[in-house]
Amino acid sequence: MFRFVRFFFIGVISLQFGVAQELIKVDFKASLNSQELFRNVSISDSLPEITKLQFYISNIQLLNNEEVVWSDSSLAHLIVLSDSSESYINLQVDPGVNFNRICFQLGIDSALNTAGVLGGDLDPTKGMYWSWQSGYVNIKIEGISSAINSPQKEFTYHLGGYRSPYLAVQSVDLKVGSHPIVLNLKLDDFFSNISIQQSPKVMRPCNEAVELSKLIAKSIVVDAP
Amino acid sequence: MLRKLIAILFIGVLLIFLTGSGKSISKGGFVPFYPSYFPSPDYDFINHPLDSTVIELGRKLFYDPILSLDGTISCSSCHLSYTGFTHVDHALSHGIGDSIGRRNAPALINLAWNENFMWDGAVNHIEVQALAPIEHPSEMGEQINHVIQKLQQSNHYPSLFYNAFNDSSITGEYFLKALAQFQLTLVSVNSTYDKVKAGKAEFSVQEQNGYTLFQKHCNECHSEPLFTNGQFINNGLLIDSLLMDYGRGEVTLKKEDSLKFKVPTLRNIEFTYPYMHDGRFQELSEVLHYYCNDSVRNTTVHSSLRNRLSLSSNEQVDLIAFLLTLTDKGFLFNPKFAFPK
């Protein structure tokens, strides 16, 4: 009886602690003209100065070729590039899991947009939820450019939309080698494909929000760690 | 001695393992009563049951002007319980600093049966509706994260939130859920009409005449028993040239939605004046006069209103007599909905 109790006790304790998992870091950064943003490096005046860049990622999966080997149990993560403590996430993965692809959605899908109020990174106090019309802001990009005619020279892109025909959420699918995974938003193409002078503000679900979201999704590349 | 110690430890670990890690235990879900002739609510009471402690917290928040930037406007400022949770003093609600809004405050009645919220359906779930008036510059003028900070810094809210959610944090999620749960309890199903439906009362001759007229002329949009079909309809109102409010069209950006507004419930209509999305009519007689004489046939107007209503004066009086049977005094004066003592 005593021996049974002892082994049961040890068994229960080890079940509580579980097998140690590995942390796979996914680190986000952004760059313009090969210079990394939010690193206190002075950017040339001819380029836009980005003061805010934050976005949601959701439905993260790791794949080995076609097979999904890991799925995120969290609903979504808010990445805030200006804050070094909020510009990365750690994926808890069992050791020995091999993967060569990472897939995720840039933004929040329709199901979560209609699920009522949510918490954690999806809490409306995070400043990524429209109050006047239901829906998450998938991506916020704000900044200043000398090209803009207004006195403050500000551009403001709050990109979202979960209802047809303005579905702004984008899928991202990238080949990855080793980890930590470093994902870089190379914004050169984004800024060369939009006219911040003509449309310095996009702040509601519309065609432009969808097009701009597509450009941001395409800008994400895998950097060497 | 060692054996006893291990036995105690074993039982202790077993208890921890079996009872989980301190999640709040369900206190018994509350589902409001509704009669059998009502459709099922849109809100999922079964999987998202209400809780009496959360409801009471929501009620306290509903009546607290701390939600507004300058501490002067609460939800009840525009949604008064005795008048069907709407505002009778003004056609257009006003907010902080005497700013005037664009629309009449809707009555908060039977919201559990709504698929969407606001005159233009801009809000898709009751839990996120409160964000709209809280952050509107002409209503409460606040920001949700600042409201949460104020609640965290108050003397009494931290313990009220702890009792409701078993968590030492106050979050936007908890705050909005509490407000939503209180509003979901605002169910009006006991008017004279309902008593007649249940066989417990009878209409007068005049009210019965009015009911027959109602079913002929009004029921398509103000469908029984909710007295709204929840659709966006253009009822032929000429656009107000100052407000320039295109209603649903401003949300969907579709031409066919231009000038359409959500059909409001007629329950407690006796007390929820003034009428229409901009409160342009003070009395029910004005509303009927409008439908009979003044409605405009612009492109998106509802098919049933392409021709003006044809009602004699007597018929209009009878119809109003029927509409008065939709008053539910038990709802309007329910102490559980009024200012918490």
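The paragraphs below lead through a predicted model, chain A before chain B, by way of its local geometry, its packing and its aromatic rings. Local features need pLDDT of at least 70 and side-chain atom pairs count only at pLDDT 80 or more, while totals for chains, interfaces and linings use all residues. Residues are numbered from 1 along each chain as its sequence is written, chains are lettered from A in the order in which they are written, and side-chain values use heavy atoms, with hydrogens and water left out.

Chain A has 4 helices and 15 strands, where helices (H or I, at least four residues) and strands (E, at least two) are DSSP runs numbered from the N terminus. Of the 225 residues in chain A, 46% are buried; buried here means under 20% relative accessible area, exposed means over 50%, and partly exposed lies in between, with a 1.4 Å probe and protein chains only. Among the contacts in chain A (heavy atoms within 4.5 Å) between residues at least 6 apart in sequence, 74% join residues at least 24 apart.

A good place to enter chain A is A:Gln105, which belongs to strand β7, residues 101–106, and is buried at 17% relative accessibility. Its side chain makes a polar contact of 2.6 Å with the side chain of A:Asn59; a polar contact is a pair of N or O atoms within 3.5 Å, of which, within protein, one must be able to donate a hydrogen and the other to accept it, and residues adjacent in sequence count only if both atoms are side-chain atoms. Once neighbours within four places in sequence are set aside, the residues in contact with A:Gln105 include A:Tyr56, A:Ile57, A:Val169 and A:Gln170. The partner A:Asn59 is itself found in strand β3, residues 49–64 of chain A, where A:Asn59 has a positive phi of about 50° although it is not a glycine. A:Asn59 counts as partly exposed, at 39% relative accessibility. Elsewhere in chain A, the bond joining A:His179 and A:Pro180 is a cis peptide bond with omega of about 10°, and A:Pro180 lies in the loop between β12 (170–175) and β13 (181–186).

How many aromatic pairs does the structure hold over all chains? There are 35, counted for rings of Phe, Tyr and Trp (its six-membered ring) whose centres lie within 6.5 Å, with planes under 30 degrees apart taken as stacked, over 60 as edge-to-face and the rest as tilted. One of these pairs, A:Tyr129 with A:Tyr136, is edge-to-face, at 4.8 Å centre to centre and 85° between the planes. A:Tyr129 is buried, with a relative accessible area of 10%, and A:Tyr136 counts as buried at 2%. In chain A, too, the charged end of A:Lys25 sits over the ring of A:Tyr88, 4.5 Å from its centre, by the criterion that NZ of Lys or CZ of Arg is within 6 Å of the ring centre and within 35 degrees of the ring normal.

In chain B, ring pairs link B:Phe62, B:Tyr63, B:Phe85, B:Phe182, B:Phe331, B:Phe337 and B:Phe339 into a cluster. B:Phe62 and B:Phe182 appear again where helix α2 meets helix α8. Helix α2 (residues 52–62) and helix α8 (residues 172–184) pack at an angle of about 95°, with their axes 7 Å apart; axes are lines fitted to C-alpha atoms, for helices over the stretch in contact, and angles run from 0 to 180 degrees between N-to-C directions. The two helices are therefore roughly perpendicular to each other, a term that covers 65 to 115 degrees, with under 35 roughly parallel, over 145 roughly antiparallel and the rest oblique. The buried residues of α2(B) are B:Val54, B:Ile55, B:Leu57, B:Gly58, B:Arg59, B:Leu61 and B:Phe62, and what covers them includes α3, α6 (144–153), α7 (157–165) and α8 of chain B. At the start of α2(B), a side-chain oxygen of B:Asp51 reaches to within 2.8 Å of the backbone nitrogen of B:Thr53.

Further along chain B, the loop between β2 (261–262) and α12 (284–293) holds B:Pro274, and the peptide bond from B:Tyr273 to B:Pro274 is cis, with omega near -10°. B:Met276 lies in the loop between β2 and α12 as well, with phi near 85°, a positive value in a residue other than glycine, and counts as buried at 15% relative accessibility.
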